[in-house]
Amino acid sequence: MSKTNSISRDIASTIHPYTNLKLHETDGPLVITGGDGVFVLDENGKKYLEGLAGLWCVSLGFSERRLAEAAYRQMLKLPFYHTFAHKATDISIELAEKLLSIAPVPMSKVFFVNSGSEANDTVVKLVWYYNNAIGRARKKKIISRTKAYHGVTVASASLTGLPNNHRDFDLPIANILHVECPHFYRFGLPGETEEAFASRMADSLEQRILSEGPDTVAAMIAEPIMGAGGVLLPPVTYWEKITAVLKKYDVLLIADEVICAFGRTGEMWGTTTCGLKPDIITCAKALSSAYLPIGAVMVSEAIYAAMVKQSEKIGVFSHGFTYSGHPVSSAVALETLKIYEQDNLLSHVRKVAPRMQAGLRRFADHPLVGEVRGIGLIGAIEMVADKSTKASFDPAQAVGPFLVKRAHHHGLILRPLGDSIAFCPPLIISEAEIDLMFERFSLALDDTLAMVRERGLLESTLVPALAK
């Protein structure tokens, strides 16, 4: 079948993120040309239920006119102005005030960025700046976790704990450390309870801080619920024990809320869901329902006071982006937050979340499924080659990507995280649409089972469970 003109043009002109570039030269893209609610349409008019809200971000779906109109009004009034050198726009001030008013813990100020990556990259600089300001020149190391995802800029990709984000990019940079991934299903020991596993994770963190030297460890960054690493929920008592260790050694906690914030877990913030008390919070994605790029870093009063002191000493706070607090993005973000409140979206999420979680768990007994996990309107189904041993498929077999291609065939867009299939639909999704999502997934899962049986993959080419 010949490629459409747009596919050929794309292959000839565009580099795609998170794509096998060689395979793309032959397969090309799925070209999306329209959206309606929780659905998107390709160039041939085929309709797909978007099961990952784009990239964890389109909370209000693909046709919210209020956001388009907010952008248009602001474009007519003031299409751009910057926030450098004592300049501001009225709309970015209003958005900052709104974010501070809904923050899960008291925060002092907001710094605007354009993405989650920029937010977490900024955080690295702020942690170093803060400790220089208060005279702790050695306290610079930042702890992240294996399988964490914090972005792709040089510093944020270093924080990310996924090997392919480091390989051949010469990452991570200095002063970035990684501790164990708190995935009980994968890394719990035989006979170990979740609570005991959480204690072991906290003990390991403490030992790492001690081995590095507490006077050198500045902060820990963490997603309340890990997203791109596989939608990994913290084991019981994990955060309680981890935060006690951080407090003991005066280590800042940075909550990466890029995926969790604005209702995804059934609360406005993942921080609230997990009972955290961070010193810094980053957010993006659903802040504008992804209609325009925008993100934010919120800092505590102690950190802001140190920033003031250091900028007074130097004469300027020399960090920022041309588009920090962009007025059109700010207007769309502010309208997004108004819609969340006026439409009582949290109540809707809490109403439909049980349908989604029950739908996920319906697959727990499927021959290919090892673990089902989730909360609110986020979840994952992890496929395994052997349910009893938890053995994974050889990554070269690309079982997860095969399932996602079959999902496309059945009119459903999902994302494979290895062999974990992530679900993160727009927050406006209805119970009927949730049912449709799982109906289509079920067809793709059964197609995948037929494929692995045909190839004999349930009996061979297995990878030991803990090697993943």
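Is Trp56 buried or exposed? Trp56 is buried, with a relative accessible area of 3%. The legends below describe close-up views of a predicted model.

**Figure 1. Trp56, a residue of helix 3 with a positive phi.** Helix 3 spans residues 53-56, and Trp56 belongs to it. Phi of Trp56 is about 65 degrees. The value is positive although Trp56 is not a glycine. The relative accessible area of Trp56 is 3%, under the 20% limit, so Trp56 counts as buried.

**Figure 2. Val231, a loop residue with a positive phi.** Val231 sits in the loop between strand 7 (217-222) and helix 10. Its phi is near 55 degrees. Here too the sign is positive in a residue other than glycine. Val231 is buried, and its relative accessible area is 0%.

**Figure 3. A cis peptide bond between Leu171 and Pro172.** Omega of this bond is about 5 degrees. Pro172 is part of a loop. That loop runs between helix 7 (154-159) and strand 6 (176-179).

**Figure 4. The salt bridge of Glu212 with Lys141.** The whole structure holds 19 salt bridges, as found by a search. In the bridge of Glu212 with Lys141, the closest N and O atoms are 2.6 Å apart. The pair links distant parts of the chain, with the two positions 71 residues apart in sequence numbering. Glu212 belongs to helix 9 (residues 194-212). Lys141 belongs to strand 5 (residues 141-145). How exposed is Glu212? Glu212 is partly exposed, at a relative accessible area of 23%. Lys141 has 16% relative accessibility and counts as buried, because buried means under 20%.

**Figure 5. The salt bridge of Glu206 with Lys248.** The N to O distance between these side chains is 2.7 Å. The bridge connects distant parts of the chain: Glu206 in helix 9 and Lys248 in helix 10 (residues 238-248). The two residues are 42 residues apart. Glu206 is buried, at 16% relative accessibility. Lys248 is exposed, at 56%.

**Figure 6. The salt bridge of Arg406 with Asp447.** The two side chains meet at 3.0 Å, N to O. Arg406 lies in helix 15 (residues 399-409), and Asp447 lies in helix 16 (residues 431-455). They are 41 residues apart, so the pair joins distant parts of the chain. Arg406 is partly exposed, at 26% relative accessibility. Asp447 is partly exposed as well, with a relative accessible area of 24%. Elsewhere, Arg186, Glu371, Arg373 and Glu382 form one network through salt bridges that share partners.

**Figure 7. Gln357 and its surroundings.** Gln357 is a residue of helix 14 (residues 345-361). Its relative accessible area is 12%, and Gln357 is buried. Which backbone oxygen lies 3.3 Å from a polar atom of the Gln357 side chain? It is the backbone oxygen of Ile378. Leaving out residues up to four places away in sequence, Gln357 touches Gly374, Ile375, Gly376 and Ile378.

**Figure 8. Helix 4 packed against helix 13.** Two packed helices are described by the angle between their axes and the distance between the axes. Helix 4 covers residues 65-77, and helix 13 covers residues 327-342. Their axes come within 8 Å. They cross at roughly 145 degrees. The crossing is right-handed. On the helix 4 side, the contact is made by Arg66, Leu67, Ala70, Ala71, Arg73, Gln74 and Met75. The helix 13 side includes Pro327, Val328, Ala331, Val332 and Glu335. Thr336, Lys338, Ile339 and Gln342 of helix 13 also take part. By class, the contact has 9 nonpolar, 3 polar and 4 charged residues.

**Figure 9. Val399 and its contacts.** Val399 is found in helix 15. Val399 is buried, with a relative accessible area of 1%. Which residues are in contact with Val399, leaving aside neighbours within four places in sequence? They are Met383, Phe393, Asp419, Thr448, Met451, Val452 and Leu457. Ala119 gives a reference point for Val399: their C-alpha atoms are separated by 33 Å. Along the chain, Val399 and Ala119 are 280 residues apart.

Note on methods:
Residues numbered from 1 in each chain as written. Predicted model: local features only at pLDDT ≥ 70, side-chain atom pairs only at ≥ 80, totals over all residues. Heavy atoms only, no water. Salt bridge = Lys/Arg side-chain N within 4 Å of Asp/Glu carboxyl O. Helix = DSSP H or I, 4+ residues; strand = E, 2+ residues; numbered from the N terminus. Buried < 20%, exposed > 50% of the residue type's maximum accessible area, 1.4 Å probe, protein only. Polar contact = N/O pair within 3.5 Å; in protein donor to acceptor, adjacent residues only side chain to side chain. Contact = heavy atoms within 4.5 Å. Axes fitted to C-alpha atoms, helices over the stretch in contact; angles between N-to-C directions. Left-handed = near helix turned anticlockwise from the far one by under 90°. Nonpolar A, V, L, I, M, F, W, Y, C, P; charged D, E, K, R; others polar.
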